[in-house]
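Please walk me through the inside of this protein, taking the empty spaces and the packed interior in turn. I am new to this structure and would like a careful account.

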Amino acid sequence: MDAPSPFKISVPDAKIDRLKQKLALTDYPTEADDADSWSRGPPLKDIKRLAARWADGYDWREAERHLNSFPQFTTKIPLDDFGTFNVHFIHQRSPVKNAIPLLFVHGWPGSFIEVTKILPLLTQGGKDHPAFHVVAPSLINFGFSDQCTKPGFNVNHHAETCKKLMHQLGYPNFVTQGGDLGYFTTHVMARAYPQHVKAWHVNLAIPEKPTAESHPDLHAQVEAHTLTAREKADMALTAHTGKNLMGYYRIQESKPALISISHTDSPVGLLSWIYDVLHCWSDHRTHAWSDDEILTWVSIYAFSVGGIAASVRIYYEARYMEGTVAAQRGPVEPPFGIAHFPVELSAFPRLWYNTMGKMVHQREYDKGGHFAAWEQPETLVDDIRIMFGKGGGAEGVVEGATGYEDNGAA
């Protein structure tokens with residue numbers, strides 16, 4: 001198997017020029033009188049401002065230089081029944097020899113960029129808190145990894161890709177972290193590869209509701225428990241999400257070509273689609289997206305190998321996973337932990353999460369939204385350190401990798 005190759009992002013000038021040409025040719029709609037309220041989607045004035053900045057003022061080359069300051073690579077990963085794919089990833093080893101190997105998996109509409117704020121924090125440590133060797137791939141169909149156009153490519157194959165990548169990099173056993181699609185991927189990994197995934201940490205999870213038939217003892221605890229104010233707020237937000245914020249999901253799971261075609265052709269269409277999600281899923285009390293942050297996230301999709309079309313295929317394929325590992329229910333073997341941020345798409349009574357397996361860590365935070373690694377990087381890293389550090393529920397799960405330099409420094 002070939003060794004990974006160093007990689008630098010270098011979008012051709014022609015692609016950037018073409019993007020700006022299309023931005024200049026955009027036709028905008030008229031709006032209803034209440035359009036500034038976000039009740040119908042992103043306000044046109046915001047989209048016009050962002051598009052103008054994208055066309056004149058925003059510097060992709062500057063963003064590219066920043067992203068290229070992180071150690072990036074590509075490597076060939078063979079997948080059962082699908083062939084071999086070129087996979088892009090960030091890989092940063094800690095200076096602490098006994099650091100814990102950690103796989104970070106991004107979500108949608110995120111990308112590998114989500115790891116960049118937490119990476120410098122995770123790799124440091126060694127005395128007061130554990131350090132980590134961090135691997136953060138661009139999932140196939142995202143960013144600068146290859147795309148797969150063959151039907152049937154789903155979260156099981158993302159899990160296979162990530163496991164094989166970690167093994168190729170010399171990490172036979174490791175821990176994981178993820179939210180959104182990263183949660184689904186790492187959950188499947190924990191179920192399919194418990195001998196390798198020693199523990200998993202998430203900032204979003206969807207547990208089963210305990211019933212008298214499925215979990216009699218737990219169900220009795222749930223019935224006796226009075227919901228806290230936070231649990232009530234979380235359930236209300238979950239209901240709001242299901243009623244008002246799932247339009248994107250319904251389209252992407254049923255008719256992905258509806259947006260794939262239009263948003264591939266129209267950069268402003270792509271911008272409005274992703275900007276709406278970034279806005280609605282974030283905690284505006286504590287995180288304000290800058291225009292250039294938004295444009296960098298969107299530009300990664302505009303310049304990615306497969307574009308928006310490739311990234312939304314996973315929603316459609318998720319409907320056809322019956323009989324696969326991803327469709328299985330019930331607890332998984334590796335221990336897990338969860339950090340609860342208040343502005344999350346789905347959150348449930350805390351006891352429910354025990355249906356997922358051996359829960360060794362669970363904490364609530366009063367700030368942060370769906371994009372925890374980006375909105376609250378320090379808090380997320382602290383939570384990971386608590387779970388895997390001294391006295392934590394997953395301390396020492398990877399043999400020979402304590403995370404502390406007093407057990408051997410590089």
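In this predicted model, a good place to begin is the wall of the largest cavity, to which strand 4 (100–105), strand 6 (174–178) and helix 15 (372–375) each supply at least two residues. That lining is made up of 15 residues in total, and those that lie nearest the centre of the cavity are Gly 107, Glu 114, Gly 179, Asn 203 and His 370. By class, the lining of the largest cavity holds six nonpolar, seven polar and two charged residues, and the space enclosed comes to about 100 Å³.

A search of the whole structure finds two cavities of 30 Å³ or more, and the second largest holds about 50 Å³ of space. Strand 8 (residues 332–340) gives the most to the lining of this second cavity, with three residues, and the lining also includes Asp 234, Phe 341, Glu 344 and Tyr 353. Seven nonpolar, three polar and two charged residues make up the lining of the second largest cavity. Asn 203 is among the residues that line the second largest cavity, and Asn 203 is also one of the residues nearest the centre of the largest cavity.

From the cavities, the account turns to the packed interior. In soluble globular proteins, nonpolar side chains tend to be buried together. Here the largest nonpolar core contains 116 residues, among which Trp 60, Trp 108, Trp 200, Leu 271 and Phe 388 touch the most other members. Helix 11 (residues 267–280) gives the most to this core, contributing eight residues.

How values were computed: Residues numbered from 1 in each chain as written. Predicted model: local features only at pLDDT ≥ 70, side-chain atom pairs only at ≥ 80, totals over all residues. Heavy atoms only, no water. Core = buried A, V, L, I, M, F, W, Y, C linked by side-chain atoms within 4.5 Å. Buried < 20%, exposed > 50% of the residue type's maximum accessible area, 1.4 Å probe, protein only. Helix = DSSP H or I, 4+ residues; strand = E, 2+ residues; numbered from the N terminus. 1 Å grid on protein atoms, 1.4 Å probe; cavity = no way out; pocket = protein on both sides within 12 Å on 5 of 7 lines; lining within 4 Å. Points joined across faces, edges and corners; volume = space filled by probe spheres on them. Nonpolar A, V, L, I, M, F, W, Y, C, P; charged D, E, K, R; others polar.
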